[in-house]
Amino acid sequence: MGFGYWGVSLKIKGQIFVLGSASLPVVFEGQDGVGWGGILVDNSKAASVFEHVEVKQASKEWMDRKSSSGALSLLNASAYVYKAHFHQNKTKTALEAQYSY
């Protein structure tokens with residue numbers, strides 16, 4: 001999945017399942033070298049799953065950060081993250097969880 005504009009981000013209000021494989025991971029990245037916001041899972045009562053994923057070129061300078069600073073941020077949410085690769089990001093941290101369980 002490519003994102004080509006600054007300020008573009010993936011915001012999930014609820015649960016998400018991102019299921020790649022070792023030979024075919026799901027890749028979230030900027031398009032044509034342009035950074036993008038990152039992934040925010042917000043207020044989910046059920047755990048999300050990120051398995052065999054790559055998160056690339058995320059930037060902390062995205063809209064509505066809600067004080068989060070990760071390439072993958074959880075706010076009042078939980079997630080199972082397995083075999084994830086975070087690289088070429090301009091965020092404070094790869095994974096951040098606030099008020100999460």
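Is Gly70 buried or exposed? In this predicted model, Gly70 counts as buried, because its relative accessibility is 0%. Gly70 is found in strand 7. Its C-alpha atom lies 7.5 Å from that of Gly38, although the two glycines are 32 residues apart in sequence. Across the sheet, Gly70 stands opposite Thr93 in strand 9.

Strand 7 covers residues 70-75 and runs parallel to strand 9, with five bridges joining the two. Both strands belong to an open sheet of four strands. The order in this sheet is 2-5-7-9, and the pairing is parallel. Strand 2 (10-12) and strand 9 (93-98) form the edges, and each pairs on one side only. Neighbouring strands of the sheet are turned by 10 degrees against each other on average, direction ignored. Strands of a sheet in general pair through backbone hydrogen bonds, either parallel or antiparallel.

A second set of pairings involves strand 6. This strand spans residues 48-56. Eight of its nine residues are buried, so strand 6 is largely enclosed by the rest of the structure. Strand 3 runs parallel to strand 6 and is joined to it by three bridges. Here Phe17 stands opposite Val49. Strand 4 also pairs with strand 6 in the parallel sense, over three bridges. In this pairing Phe28 stands opposite Val55. Strand 8 pairs with strand 6 over eight bridges, again in the parallel sense. Glu51 has Tyr82 in strand 8 as its bridge partner.

Side-chain contacts were examined next. Side chains of opposite charge can pair when their charged atoms come close. How many salt bridges does a search of the whole structure find? The search finds two. One of them joins the side chains of Asp42 and Lys13, at 3.0 Å from N to O. Asp42 lies in strand 5 and Lys13 in the loop between strand 2 and strand 3 (17-19), so the pair ties together parts that are 29 residues apart in sequence. The two partners differ in their surroundings. Asp42 counts as buried, because its relative accessibility is 3%, and the cut-off for buried is under 20%. Lys13 is exposed, with a relative accessible area of 65%.

Glu29 forms a salt bridge with Lys56, and their closest N and O atoms are 3.3 Å apart. Glu29 lies in strand 4 (residues 26-30) and Lys56 in strand 6, so this pair ties together parts that are 27 residues apart in sequence. Glu29 counts as partly exposed, at 26% relative accessibility. Lys56 is buried, with a relative accessible area of 16%.

Asp42 takes part in polar contacts as well. The strand that holds Asp42 is strand 5, residues 39-42. A polar contact of 3.0 Å joins the side chain of Asp42 to that of Asn43. The side chain of Asp42 also makes a polar contact with the side chain of Lys13, at 3.0 Å. Asn43 is found in the loop between strand 5 and strand 6. At 46% relative accessibility, Asn43 counts as partly exposed.

The backbone of Asn43 was considered too. Most residues other than glycine have a negative phi. The phi of Asn43, in contrast, is positive, near 55 degrees. Lys83 has a positive phi of about 55 degrees although it is not a glycine. Lys83 is placed in strand 8, residues 79-87. Lys83 counts as exposed, because its relative accessibility is 52% and the cut-off for exposed is over 50%.

Aromatic rings complete the account. A pair of aromatic rings is described by the distance of the centres and the angle of the planes. The structure holds one aromatic pair. Which residues form the pair, and how are the rings arranged? Tyr80 and Tyr82 form the pair, which is stacked. The ring centres are 6.1 Å apart, with 10 degrees between the planes. Tyr80 counts as partly exposed, at 42% relative accessibility. Tyr82 counts as partly exposed, at 36%.

Notes:
Residues are numbered from 1 along each chain as its sequence is written. This is a predicted model: local features need pLDDT of at least 70, side-chain atom pairs count only at pLDDT 80 or more; totals for chains, interfaces and linings use all residues. Side-chain values use heavy atoms; hydrogens and water are left out. Two strands pair if DSSP finds at least two bridges between them. Axes are lines fitted to C-alpha atoms, for helices over the stretch in contact, and angles run from 0 to 180 degrees between N-to-C directions. A polar contact is a pair of N or O atoms within 3.5 Å; within protein, one must be able to donate a hydrogen and the other to accept it, and residues adjacent in sequence count only if both atoms are side-chain atoms. A salt bridge is a side-chain nitrogen of Lys or Arg within 4 Å of a carboxyl oxygen of Asp or Glu. Buried means under 20% relative accessible area, exposed over 50%, partly exposed in between (1.4 Å probe, protein chains only). Rings of Phe, Tyr and Trp (its six-membered ring) pair if their centres lie within 6.5 Å; planes under 30 degrees apart count as stacked, over 60 as edge-to-face and the rest as tilted.
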